Amino acid sequence: MTSLKNDSFLRALQGKDVDRTPVWMMRQAGRYLPEYLETRKRANDFLTLCKTPELACEVTLQPLARFDLDAAILFSDILTIPDAMGLGLYFSEGEGPKFKHPIRDAKAIEQLVIPDPNEELSYVMDAVSLIKRELDGTVPLIGFAGSPWTLATYMVEGGPSKNFSKIKGLMFDQPRLLFQLLEKITEAVTAYLNAQIAAGAQAIMVFDTWGGVLSSRDYLEFSLAYMQQIVENITNKDIPIILFTKDGNEWLENIAATGCDAVGLDWKLPIGLARQRIGDQVALQGNMDPCVLYASPDRIRQEVASTLASFGHGNGHVFNLGHGIHQHIDPDNVAVFIDAVHSLSAKYHTTSS
């Protein structure tokens, strides 16, 4: 791997010794930062921000200028793939992402073309290359994609959903059609992540935001099976892979068995219990409730200390929130959080004893 000034994040994912627990935050480049809002204003709209490599780079680096983070994550959106497939992604104020051409029938699935990540999604690869250059070996860069199931939910529902009636209706009534859709998305996601790695990403993460809405049987068949295909088909085996299913605590052992390097956790299960269940088979990433960051500095430090104590001594822990940081969090509280992880975690690592 490329020489890094701070490689603690990658070392933790590999279960190697670190002198303190590394930390980064999901959505760390985003709306809670005033400088992000200024850049977003210059871009005029969210998609332009995502599709302009120089602006995506600027936003990616903003939290690292403020905080002592141990990794950067590409600024983009999980819906770039279905957008490149021709579904017509757009954002409605206050309503989230929507598609002009949602998947409604077999013909629409058959007509989907797998995008070339270096053509239709070249702006993402350009952003990865630019960010990697600008980081100049300070910290690793994380690339990412949505899971096939999560992307399929947006593509079939046409946007956010409360009950997932369209995608689940397809799943129960015409499972072969859904399998066909998921196979195409899996092929697209795999190519997309391999291209990000070729462009400079040093770790990748798959976000399975909606896996937790499935039953145990259906999760294994319609979500996890396709994430496992992705893990198996990442061509550079030196790149660590993190799988994160929100509300996925029921399946931690199954997720760990995919061959991934780390399992991301939401905040609903103590990380120590997750570690007891999985052991040292993979690293764990998580898992403080993002709402803790609304609390006082002392309370934030207490919760950091509690999470560290729950994981206990040893390696294989990447500290993170249990989901993305909220829009109205005070950045000063983020600084307290990051500093607390670093200062309080040293005693849990053998290299500091």
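A salt bridge is a side-chain nitrogen of Lys or Arg within 4 Å of a carboxyl oxygen of Asp or Glu. In this structure, which is a predicted model, Glu303 forms such a salt bridge with Arg299, and the closest N and O atoms of the two are 3.1 Å apart. Both residues belong to helix H14 (residues 297-311), and because they are four residues apart there, about one helical turn separates them. Arg299 has a relative accessibility of 36%, so it counts as partly exposed.

**Salt bridges**

The structure holds 11 salt bridges, and the table sets out three of them, with the N to O distance for each pair.

| Pair | N to O distance |
|---|---|
| Glu303 and Arg299 | 3.1 Å |
| Arg66 and Glu35 | 2.7 Å |
| Lys246 and Asp247 | 3.6 Å |

The salt bridge between Arg66 and Glu35, with its closest N and O atoms 2.7 Å apart, links distant parts of the chain, since Arg66 lies in helix H4 (residues 53-66) and Glu35 in helix H2 (residues 34-43), 31 residues apart. Arg66 is partly exposed at 39% relative accessibility, and Glu35 is also partly exposed, at 22%.

The side chains of Lys246 and Asp247 meet in a salt bridge as well, and these two residues are linked with Lys268 in a network of salt bridges. Which side of the 20% cut-off does a residue need to fall on in order to be called buried? Buried means under 20% relative accessible area, and therefore Lys246, with 18%, is buried, whereas Asp247, with 31%, is partly exposed.

**The nonpolar core**

The largest nonpolar core has 129 residues, and Phe9, Trp24, Val263 and Phe337 touch the most other members. Helix H10 (residues 175-199) gives the most to this core, with 12 residues. Phe9 may be followed further: when its neighbours within four places in sequence are left aside, the residues in contact with Phe9 include Pro22, Trp24, Ala71, Ile142, Ala203 and Val318.

**Strand E4 and its partners**

Ile142, one of the contacts of Phe9, points away from strand E4 in one direction together with Phe144 and Gly146, while Leu141, Gly143 and Ala145 point the other way. Is strand E4 (residues 141-146) mostly covered or mostly exposed? The strand is mostly covered, for six of its six residues are buried.

Strand E4 pairs with strand E1 (residues 72-73) in the parallel sense over two bridges, and within this pairing Ile142 of E4 is the bridge partner of Ile73. Strand E4 is also joined to strand E5 (residues 203-208), with which it runs parallel, by five bridges, and the partner of Gly146 in E5 is Phe207.

**Two residues in helices H8 and H9**

Thr153 is found in helix H8 (residues 148-157), and with a relative accessibility of 2% it counts as buried. Apart from residues up to four places away in sequence, Thr153 touches Gly158, Gly159, Phe164, Ile167 and Trp210.

Lys166, by contrast, lies in helix H9 (residues 165-173) and is partly exposed, with a relative accessible area of 41%. Lys166 and Val156 are 10 residues apart in sequence, and their C-alpha atoms are 6.5 Å apart in space. Val156 is also among the contacts of Lys166, which, once neighbours within four places in sequence are left aside, are Arg104, Val156 and Glu157.

Terms used: Residues numbered from 1 in each chain as written. Predicted model: local features only at pLDDT ≥ 70, side-chain atom pairs only at ≥ 80, totals over all residues. Heavy atoms only, no water. Core = buried A, V, L, I, M, F, W, Y, C linked by side-chain atoms within 4.5 Å. Buried < 20%, exposed > 50% of the residue type's maximum accessible area, 1.4 Å probe, protein only. Contact = heavy atoms within 4.5 Å. Pairing = 2+ DSSP bridges.
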